[in-house]
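Student: I have a structure to look at and have not seen it before. Can we go through some of it together?

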Amino acid sequence: MTVDRRPWVEGRKRFRNKTQMHLARQGIITEEMKYVAQREGLHPEFVRREVAMGRMIIPANINHTHLEPMAIGRNAKVKVNANIGNSSLASDIPTEVEKAKVAIKYGADTLMDLSTGDAIKETRKAILEVSTVPVGTVPIYEALKVAGSIKDMTEELILDVIEEQAKEGVSYMTIHAGILREHLPLINHRVMGIVSRGGSIMAQWMVEHGKENPLYTNFDKICEIFKKYDVSFSLGDALRPGCIEDATDEAQLAELKVLGELTEKAWRHDVQVMVEGPGHVPLNEVEFNMKIQQIWCHEAPFYVLGPLVLDVAPGYDHIGSAIGGALAGWKGASMLCYVTPKEHLGLPNVEDVKQGVIAYKIAAHAADIAKNWPGARDWDLEMSKARFNFEWERQFELALDPETARAYHDEAHGGEGFKSAKFCSMCGAQFCAYRISQDVMLSINDQGQFTVLDDKEKPLLDGNFLAP
């Protein structure tokens, strides 16, 4: 859905600080808050209070006026982000635009452009132009590309790139401000060191320049930029574990404490914040990770990558991580960053993007059901009714991926007659449990009395098809 937010943001020119948090703290219920309330089934005043407290964010840059406002927070449905973007070895602008469209079609709530190859700026602008969901970036990638080397990447350049991307309409940025010089010795105890691209860049910058992390020392300046355009922080987990052996270690937790401090600093500027989280985490440690973040980061929304609960499934990491994502969403994560089948192997293509989004929409919906989110189970109830009544078209309509559901059904039963068939190729008519169950139900009245139906009364037609 396309929304024209131009009239909404026009009236905010009088505010120096244009963030949703600042307006919420002034007692203003913005049009974005009203829109989000309707999408989530919440009261607008409740949304305003959540945003004012920092427990919910509405990433909506004032210059990305055709995005559909959405909310990220524990008191909202679990959201899914899809990473796209080129590399120096693969992809082009049309392909990344197609990835964006496919991700949105299958339900991605936000996109992140993680381009590191050529035409970073042009790729981002093309994605922003077609995207009806908020777009995030990691600005340090472009800063390094422009500088040519970490040694030549200055603090001024980093801030210039951040401001330029904010002007273009980026709604949230991953800022790896929590990794400090004092943390670097801790990575020597790890199996896999630093696996975050942005984290490794900032670590090398501190070594090369002999100074503290510039994203940390310039944090107030970044807040001033974000105020002007309503950009939200996605505080990067530079020291997230890259394998389950490194999960919940001293390095990860040391950075998380700093992210909690930075969350409070951003809130003093009335700037919206979500916090990024692990990573690779064994199943038994997922709940602890969700809870400790809520405590140390003051209930700011938690945005987790996976988490992947095992390390031995290359080619299937979208499945292994969706298992962790479902548990994370149930126990407190607000948004899940998808993982595709290409994770650890290569740059995802369009089909990989689709598979990643579908896997994570499954995880997010499972989490909403576990959270007892109002109305979450209604979707499943409608599907169950359609299945039992052999309403094939309704089943396809309700499916997360209608095209695939229809194609799988039609592989063996693609003829016109099978559109009303009361069985599928798994059991056939004679062994279909639904059909048999319906016969049994027709034979029993409410008082528990049994009636044996003759063949004419049974809903079996010609031994192969069941009447509609």
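Tutor: What follows is a chat about cavities, a pair of helices and one residue in this predicted model.

Student: Start with empty space. How many cavities of 30 Å³ or more are there?

Tutor: The count is three. As background, rolling a probe the size of a water molecule over the atoms shows where empty space is left.

Student: And how much space is in the largest cavity?

Tutor: About 100 Å³.

Student: Which residues lie nearest its centre?

Tutor: For the largest cavity they are Asp237, Gln252, Leu256, Glu276 and Pro278, out of 14 lining residues.

Student: Which elements supply at least two residues each to that lining?

Tutor: Two helices and a strand do so: α12 (250-268), α13 (283-296) and β8 (273-277). The most comes from α12, which gives four residues to the lining of the largest cavity.

Student: What does that lining divide into, by class?

Tutor: Seven of the residues lining the largest cavity are nonpolar, four are charged and three are polar.

Student: Now the second largest cavity. How much space is in that one?

Tutor: About 60 Å³. Its lining includes Asp113, Ile120, Arg124, Tyr141, Glu142 and Gln165.

Student: Which helices supply at least two residues each there?

Tutor: For the second largest cavity, α6 (120-130) and α7 (139-147) do. By class, its lining has four nonpolar residues, with three polar and three charged.

Student: Let's stay with α7. At what angle does it cross α9?

Tutor: The axes of α7 and α9 (residues 197-209) cross at roughly 50 degrees, and they come within 9 Å. The two helices are therefore oblique to each other.

Student: Left-handed or right-handed crossing?

Tutor: α7 passes α9 in a left-handed crossing.

Student: Which residues meet there?

Tutor: On the α7 side, Ile140, Tyr141 and Leu144; on the α9 side, Arg197, Gly198, Ile201 and Met202. In the contact of α7 with α9, five residues are nonpolar, one is polar and one is charged. Tyr141 is also one of the residues that line the second largest cavity.

Student: Last topic, Ala147. Which helix is that in?

Tutor: Ala147 lies in α7.

Student: What is Ala147 in contact with, leaving aside neighbours within four places in sequence?

Tutor: Asp152, Met153 and Leu157.

Student: And how far apart in space are Ala147 and Ile158?

Tutor: Ala147 and Ile158 are 9.4 Å apart, C-alpha to C-alpha, and eleven residues apart in sequence.

Conventions. Residues are numbered from 1 along each chain as its sequence is written. This is a predicted model: local features need pLDDT of at least 70, side-chain atom pairs count only at pLDDT 80 or more; totals for chains, interfaces and linings use all residues. Side-chain values use heavy atoms; hydrogens and water are left out. On a 1 Å grid over the protein atoms alone, a cavity is a set of points where a 1.4 Å probe fits but cannot get out, and a pocket is an open set with protein on both sides within 12 Å along at least five of seven lines; lining residues have an atom within 4 Å of a point. Grid points are joined across faces, edges and corners, and a volume is the space filled by probe spheres set on the points. Ala, Val, Leu, Ile, Met, Phe, Trp, Tyr, Cys and Pro count as nonpolar, Asp, Glu, Lys and Arg as charged, and the others, Gly among them, as polar. Axes are lines fitted to C-alpha atoms, for helices over the stretch in contact, and angles run from 0 to 180 degrees between N-to-C directions. Angles under 35 degrees count as roughly parallel, over 145 as roughly antiparallel, 65 to 115 as roughly perpendicular and the rest as oblique. A crossing is left-handed if the near helix is turned anticlockwise from the far one by less than a right angle, and right-handed if clockwise. Contact means heavy atoms within 4.5 Å.
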